[in-house]
Amino acid sequence: YLGGMRGRDSEILVETYYDKPVTGLSVGSVVNFRGVKVGEVRNISFVGNVYNVQDVAASRIYILMALDGRLVAPAIPEDEIAKRLGLLVEKAGLRATVTSSGITGLSRIECDFHEMDGSAAMAVPPISWTPKHVYIPEKISLFDNITVAATKMLNEINQMDIGAAWSNLSAAVE
């Protein structure tokens, strides 16, 4: 009972959107910042259910997170935290990644800074609506990056002309 009495006066709502499935993520899942629990997932839906969007973006996954402002930025006045988070997204590369918690099948959200090398991969994806809360863009997880690279490599192998390559190798050996 006393734990539930903790005030929500320092709660900061942030949101992110995903194009990929978020299997294992649920309301109440942990949100970490640099490995430290700072909040939880409050809502998972589709962008079209939250914002008046009619295009393909309506099927993107909407995730609302509640962060404890006292943990995220303890030395900053509460009314400045949302503005500071926006600057961290823009200037320092703050991104959100859905990651698996191991063999349990449960997922969590990891927020961390990522290198700002000017690449298109780190660019903030454009959105056609105005977020109600601070928007932390997604970053594709390491597992997703490996999967994409492996799929690309297998597609290239499938397109190779093995017969011609074998003939060329045989001719070179002769």
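Is Arg-42 buried, partly exposed or exposed? In this predicted model, Arg-42 has a relative accessible area of 26% and is therefore partly exposed, since that value lies between the 20% limit for buried residues and the 50% limit for exposed ones. The salt-bridge partner of Arg-42 is Glu-11, with the closest N and O atoms 2.8 Å apart. This pair links distant parts of the chain, as Arg-42 belongs to strand S3 and Glu-11 to strand S1, 31 residues apart. Glu-11 is likewise assigned as partly exposed, because its relative accessible area is 26%.

The secondary structure of the protein consists of 5 helices and 7 strands. Along the sequence, these elements follow the pattern β-β-β-α-β-α-α-β-β-β-α-α. Of the 174 residues, 33% count as buried. Among contacts with a separation of 6 or more, 63% involve residues 24 or more positions apart. The protein exposes about 11,100 Å², of which 59% is supplied by carbon and sulfur atoms.

The interior was examined next. In soluble globular proteins, nonpolar side chains tend to be buried together. The largest nonpolar core of the model comprises 26 residues, and the members touching the most other members are Ile-63, Leu-85 and Ile-109. At least two residues of this core come from each of strands S1 (11–18), S2 (30–33), S3 (36–46), S4 (61–68), S5 (94–100) and S6 (107–113), and from helix H3 (78–92). Strand S4 gives the most to this core, with 4 residues. Apart from this core lies another, of 10 residues, which includes Val-47, Val-53, Ala-58 and Leu-64.

The surroundings of Ile-63 illustrate how separate segments meet. With residues up to four places away in sequence not counted, Ile-63 touches Val-14, Glu-15, Thr-16, Tyr-18, Val-22, Leu-25, Val-41, Asn-43, Val-98 and Ile-109. One of these partners, Leu-25, lies in the loop between S1 and S2. Although Leu-25 and Ile-63 are 38 residues apart in sequence, their C-alpha atoms are 9.7 Å apart in space. Leu-25 is buried because its relative accessible area is 11%, a value under the 20% limit. Under the same exclusion of residues up to four places away, Leu-25 touches Val-41, Ile-44, Ile-63, Val-98, Ser-107, Arg-108 and Ile-109.

Charged side chains form a further set of interactions, and the structure holds 8 salt bridges. The side chains of Arg-60 and Asp-19 meet in one of them, at an N to O distance of 2.8 Å. This pair also links distant parts of the chain: Arg-60 is in the loop between helix H1 (47–50) and S4, whereas Asp-19 is in the loop between S1 and S2, 41 residues away. The two partners fall into separate accessibility classes. Arg-60 counts as buried because its relative accessibility is 8%, whereas Asp-19, at 56%, counts as exposed.

A salt bridge within a single element is formed by the side chains of Lys-83 and Glu-80, with an N to O distance of 3.6 Å. Both residues lie in helix H3, 3 residues apart, which is about one turn of the helix. Lys-83 is exposed, with a relative accessible area of 53%, while Glu-80 counts as partly exposed at 32%. Elsewhere, salt bridges that share partners join Glu-11, Glu-40 and Arg-42 into one network.

The backbone shows a notable feature in the loop between S2 and S3, where Arg-34 is placed. Most residues other than glycine have a negative phi. Arg-34, which is not a glycine, has a positive phi of about 55°. The side of the exposure scale on which Arg-34 falls is clear from its relative accessibility of 55%, so Arg-34 counts as exposed.

Helix H5 (residues 162–173) was considered last. At 1.5 Å a residue, its 12 residues should span 16 Å, and the end C-alpha atoms are 16 Å apart, in agreement with that expectation. The number of buried residues among the 12 of H5 is 0, so the helix lies largely in the open. Trp-166 is found in this helix and, with 59% relative accessibility, counts as exposed. Together with Leu-169 and Val-173, Trp-166 makes a nonpolar surface patch of about 380 Å².

Definitions and conventions
Residues are numbered from 1 along each chain as its sequence is written. This is a predicted model: local features need pLDDT of at least 70, side-chain atom pairs count only at pLDDT 80 or more; totals for chains, interfaces and linings use all residues. Side-chain values use heavy atoms; hydrogens and water are left out. The expected span of a helix is 1.5 Å times one less than its number of residues. Buried means under 20% relative accessible area, exposed over 50%, partly exposed in between (1.4 Å probe, protein chains only). Patches are made of residues with over 30% relative accessible area and no salt bridge: like charges are joined within 9 Å, nonpolar side chains (Val, Leu, Ile, Met, Phe, Trp, Tyr) within 5 Å. Accessible areas come from the Shrake-Rupley method with a 1.4 Å probe; for residues, only the protein chains shown count as cover. A salt bridge is a side-chain nitrogen of Lys or Arg within 4 Å of a carboxyl oxygen of Asp or Glu. Contact means heavy atoms within 4.5 Å. A nonpolar core is a set of buried Ala, Val, Leu, Ile, Met, Phe, Trp, Tyr and Cys residues joined through side-chain atoms within 4.5 Å.
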